[in-house]
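Colleague: Could you walk me through the aromatic rings in this one? I would like to see the reasoning as we go.

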Amino acid sequence: MCSGVVFYFSIQFAQSSMAPGGGTESAVVASPLPVDNKVGGPSASSGRSRSDGSFQQKNIFASLLILSAVCCFIECNDVITSKGETLSPSAKNTVMAVFSPMIKTPGPCKFLTGTRKQNHQCRRDIGLPEAIKEARRLAVTHCEEQFRYDRWNCSIETRGKRNIFKKVYRETAFVHALTAAAITHAVARACAEGKMTKCQCASERKPEATQLAWRWGGCSDNLKHGKRVARNFLELQPKHGDPVGEMLRHDSEVGISAITSAMTDRCKCHGVSGSCSMKTCWRRLGDFNTTAALLRTKYHLAIRKIPVNNKTSRRSAPRDFRPRETIYDQLYYFETSPTFCSVTRGRRCLHPDNCATLCCGRGYTTKVIKSLEKCRCRFTNGRCCQVVCDYCEKYEDRYYCK
């Protein structure tokens, strides 16, 4: 705002200076003094007046431009407010794209309007756009599954045009963690399946506890490469002096850490008639639903922190925001979550007690759903392998918010 106002007055000053009769030079030329060619006469003094006036105009115009540049620099650097309303642009835009309706874009990332750095990654690493698409599917599907009977069901809208990325809510922390976990999972699995050119199966170290009857091999999910790609794609570098950026980086690392804890050993038996005299074992990521459930638990246990106003406070950032932790186990957020009551209309409840919370006191309607299902299944004539079933009517009560 400051830079715009100063720049506007600079343009107005310049236009008024160049307008006929609007500047000092025009006034001097129009002066009715007699022309005298003697040195030091009125003509010389008029010339000095014109040059002095022009010099003063240039100085004033230059000063206004410098003031405009200073204001612009201050405004561009003043990105952290007392409410923490400004988020990390790259991570914010990526997570918003993940939880928004999918639109195929002409860019290298195909299903995501990426930054210049992200587009370079998608162009260089063949198979990454498809992995990002799979990460989006994992994040959205499992998020909606975990919160299907809560007020917030992974919608990015809070009320009207507001969304959860305007401030750092508990939900903002969760979707950042889930997105980072989904990208890590999708890339690690894509490497093991040979869908990416920059990576391959992980070369896991053979565990010391492996028995002689085991053979450590197979194709392990490349978790190390998945974590590296997720950090680079979301630009999760430490942001010193930026509490908001550091908090979002921390929450994203919590998601990556949750994926790491989901690694398990998988084994396949070898031997005559399945005797399992020899086993081949490898490392594999668990089902992503396990990771989503773990992050949901961390969502409910998230801790609120008070942001620092860089405009009015001379204190350094709190120690909680500094990258001193090596274990990422706790989600943090700044602002108390909104009620999300405006997005629960028409939602299905689990039971009347759940409706009391989900519907925000507006009440609910009950619908009786009739369906047919197989029942009284039996073998035909008492013989094996041929089953005959009857069809029974089933009535189910379903509840929906008003």
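Modeller: Happy to; what follows is a short exchange on ring pairs in a predicted model.

Colleague: How many aromatic pairs are there, and which kind do F147 and W152 form?

Modeller: The count of aromatic pairs comes to eight. For F147 and W152, the centres are 5.1 Å apart and the planes meet at 65°. An angle over 60 degrees is what the edge-to-face class asks for, so the pair of F147 and W152 is edge-to-face.

Colleague: And what kind of pair do W152 and F340 make?

Modeller: Here the ring centres of W152 and F340 lie 6.4 Å apart, with 45° between the planes. Stacked needs under 30 degrees and edge-to-face needs over 60, so this pair is tilted.

Colleague: How far apart in sequence are the parts that W152 and F340 tie together?

Modeller: W152 belongs to the loop between α6 (128-146) and β1 (157-159). F340 is in the loop between β7 (332-333) and β8 (348-349). The pair therefore ties together parts whose separation in sequence is 188 residues.

Colleague: Are W152 and F340 buried or exposed?

Modeller: The cut-off for buried is under 20% relative accessible area. W152 has 2% relative accessibility, and F340 has 3%. Both W152 and F340 are therefore buried.

Colleague: Which charged residue lies over the face of F147?

Modeller: F147 is one of the rings in a cluster that ring pairs build with W152, F174, Y299 and F340. In that cluster, Y299 has the charged end of R170 over its ring, 5.7 Å from the centre. Over the face of F147, at 5.1 Å from the ring centre, lies R296.

Note on methods:
Residues are numbered from 1 along each chain as its sequence is written. This is a predicted model: local features need pLDDT of at least 70, side-chain atom pairs count only at pLDDT 80 or more; totals for chains, interfaces and linings use all residues. Side-chain values use heavy atoms; hydrogens and water are left out. Rings of Phe, Tyr and Trp (its six-membered ring) pair if their centres lie within 6.5 Å; planes under 30 degrees apart count as stacked, over 60 as edge-to-face and the rest as tilted. Helices (H or I, at least four residues) and strands (E, at least two) are DSSP runs, numbered from the N terminus. Buried means under 20% relative accessible area, exposed over 50%, partly exposed in between (1.4 Å probe, protein chains only). A charge sits over a ring if NZ of Lys or CZ of Arg is within 6 Å of the ring centre and within 35 degrees of the ring normal.
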